[in-house]
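These are my notebook entries on a structure that I looked through for pockets, aromatic rings and single residues. I begin with the pockets.

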Amino acid sequence: MKRILVISPSGEVYDHDNVRWYNYKDIQRSINHYHNIGDAFVFDSSLKLLNYDKLDALEIANPDLSDIDRINAEYDYVFLRGSNYIHKDMKWERAIDVLRKLKIPVIAWGIGAQAPVKGKIEISDETKAVLRLMADSTTSIGVRGAYSAQVLWDLGIKNVRIVGCPTAFRRNNPDLEIKLPALDKVRTAGITLRREVSQTYAQDIKQYLTFHRDLVKSLAARFDVVLMAQGEVEEKKIVFGTLDQKEEAFAALKANPWVKDWYLDETMEKLHRERLFYSDVVASYEDLVQQKDMVLGYRLHGNLMALANGVPSIYFTYDSRTVEFAETYQIPNFDVFSGKKFSLEEYWDQSLFDKFNRAYRFMYREMRQFLVENGAETKMIDVMKKPGKVQLKAA
């Protein structure tokens, strides 16, 4: 069993491999703070794929560099929780100082780059240095898709393996397949919301929000829906706040011209008051998606949580991250900027999901190989070993 460290843990660990947000029982301590619980999905899922007997966080904000010799002696490897690290605004604190002193492998696990709407991606010298230090310490560096792999290749980092995201494999089932029920049998749906979006990465905010609004309303008119938020402050207040905080949240939303004009009309406000879901506990999201006939929407990890549990999901792509995710796993997806009208019937097609089923099986093998070649003891199944296979002997 391994002794391991994690960079950027994103939540507290309980019962060995389960994750929830810090001080989750006292929601008022973080109700005014935005944190994307999707990051906790990735952390939780990573732990579920590893064998280890000790886990600690590697401090990069205020590290004690004199303690690095002990870390090198006591721990087997470090992993960087997968996220969107490769962009111009990424800050690494004192990670470079720490990584230069580490002698153990530093495994970058499902990291990604994000392209701006205009121009080429800009990457700071700091980020380049961190990426090269990690790549030099391991057999391979794990990225979420082809675009991220190309960005690293262009930096001269060529020991890259496309692995997607640990969330896809959190149930550790190499034979997982999505099988569509008849659409007329579908009753319940989860809709993963992303109200906040950046002009840097999404080409038209008005089109994005109005499409988002109209999609939610059309699905709510057709199915028993739950709106799944992932950490925006106003949505947290609507779910967990006092009566005053709930009204403060709606007032803040209505004071935002984009939201008021393009998103939060009377119907959407009613849905947010009656159908909104948020939790600081990863397991609560998994319990929720397991009860749904389908989950669709804008959140990378919210949708992937559904797929990992065998629940059909459709991605609505709006930036390079969502496109890259959909391409990596061949997930049925709709471009919100295409100008086309979305028809659920067109996407409720088993042949589309069979592409995901095939890609999932391939990516499962790639993920396991990535962990094995980098010395991480994994629970993932070696699907290339067939039990009971007859060995032929030469005459």
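**Entry 1: second largest pocket.** I asked which elements line the second largest pocket, and found that α6 (205-220) and α14 (344-347) each supply at least two residues of its lining. The model is a predicted one, and I read the entries below accordingly. Helix α6 gives the most to this lining, with 6 residues. In total, 13 residues line the second largest pocket, and D214, L215, S218, K341 and F342 lie nearest its centre. I noted the volume of this second pocket as about 220 Å³. Sorted by class, its lining holds 5 nonpolar, 3 polar and 5 charged residues.

**Entry 2: largest pocket.** I then turned to the largest pocket, whose volume is about 780 Å³. Its lining is made up of 34 residues, with Y34, N36, D39, S83 and R194 nearest the centre. The elements that give two or more residues to this lining are α12 (300-308) and α13 (320-329). Of these, α13 provides the largest share, 3 residues. I recorded the classes in the lining of the largest pocket as 11 nonpolar, 14 polar and 9 charged.

**Entry 3: aromatic rings.** How many aromatic pairs does a search of the whole structure find? The search returned 26 aromatic pairs. I looked up one of them, Y360 with Y364, and found the pair to be tilted, with 6.5 Å from centre to centre and 40° between the planes. The angle is neither under 30 degrees, as stacked rings require, nor over 60, as edge-to-face rings require, so the pair falls into the tilted class. Both tyrosines, Y360 and Y364, belong to helix α15 (residues 350-373), where they are 4 residues apart, about one turn of the helix. I also noted that Y360 and Y364 are both buried.

I next recorded an aromatic cluster formed by Y208, F211, Y298, F316, Y318, F334, F342 and Y347. F342 had already appeared in my first entry, among the residues nearest the centre of the second largest pocket.

**Entry 4: charges over rings.** I looked up two arginines that sit over aromatic rings. The charged end of R20 sits over the ring of Y14, at 4.1 Å from the ring centre. The charged end of R273 sits over the ring of F250, at 4.0 Å from the ring centre.

**Entry 5: H272.** Since F250 had come up, I checked H272, which touches L193, L227, I238, F250, Y263 and L264, residues up to four places away in sequence being left out. H272 lies in helix α10 (residues 266-275). Is H272 buried or exposed? H272 counts as buried because its relative accessibility is 1%, and the cut-off for buried is under 20%.

**Entry 6: positive phi.** Most residues other than glycine have a negative phi, and I therefore noted exceptions. S10 is one of them, with phi near 60°. I located S10 in the loop between β1 (2-7) and β2 (12-14). S10 is buried, its relative accessible area being 10%.

N172 is another residue that is not a glycine yet has a positive phi, of about 50°. I found N172 in the loop between β8 (160-162) and β9 (188-192). N172 counts as buried because its relative accessibility of 19% is under 20%.

**Entry 7: V117.** I placed V117 in the loop between β6 (106-108) and α4 (125-137). What does V117 touch beyond residues up to four places away in sequence? Its contacts are Q199, T200, Y201, A202 and Q203. I noted that V117 and Q199 are 82 residues apart in sequence, with 8.0 Å between their C-alpha atoms. V117 is partly exposed, with a relative accessible area of 38%.

**Entry 8: T188.** My last look-up was T188, which is in strand β9. T188 is buried, with a relative accessible area of 16%. Apart from neighbours within four places in sequence, T188 is in contact with D224, Q291, K292, D293 and M294. I also took one separation from T188, to K254: these two are 66 residues apart in sequence and 29 Å apart in space, C-alpha to C-alpha.

Key:
Residues are numbered from 1 along each chain as its sequence is written. This is a predicted model: local features need pLDDT of at least 70, side-chain atom pairs count only at pLDDT 80 or more; totals for chains, interfaces and linings use all residues. Side-chain values use heavy atoms; hydrogens and water are left out. On a 1 Å grid over the protein atoms alone, a cavity is a set of points where a 1.4 Å probe fits but cannot get out, and a pocket is an open set with protein on both sides within 12 Å along at least five of seven lines; lining residues have an atom within 4 Å of a point. Grid points are joined across faces, edges and corners, and a volume is the space filled by probe spheres set on the points. Ala, Val, Leu, Ile, Met, Phe, Trp, Tyr, Cys and Pro count as nonpolar, Asp, Glu, Lys and Arg as charged, and the others, Gly among them, as polar. Rings of Phe, Tyr and Trp (its six-membered ring) pair if their centres lie within 6.5 Å; planes under 30 degrees apart count as stacked, over 60 as edge-to-face and the rest as tilted. Buried means under 20% relative accessible area, exposed over 50%, partly exposed in between (1.4 Å probe, protein chains only). A charge sits over a ring if NZ of Lys or CZ of Arg is within 6 Å of the ring centre and within 35 degrees of the ring normal. Contact means heavy atoms within 4.5 Å.
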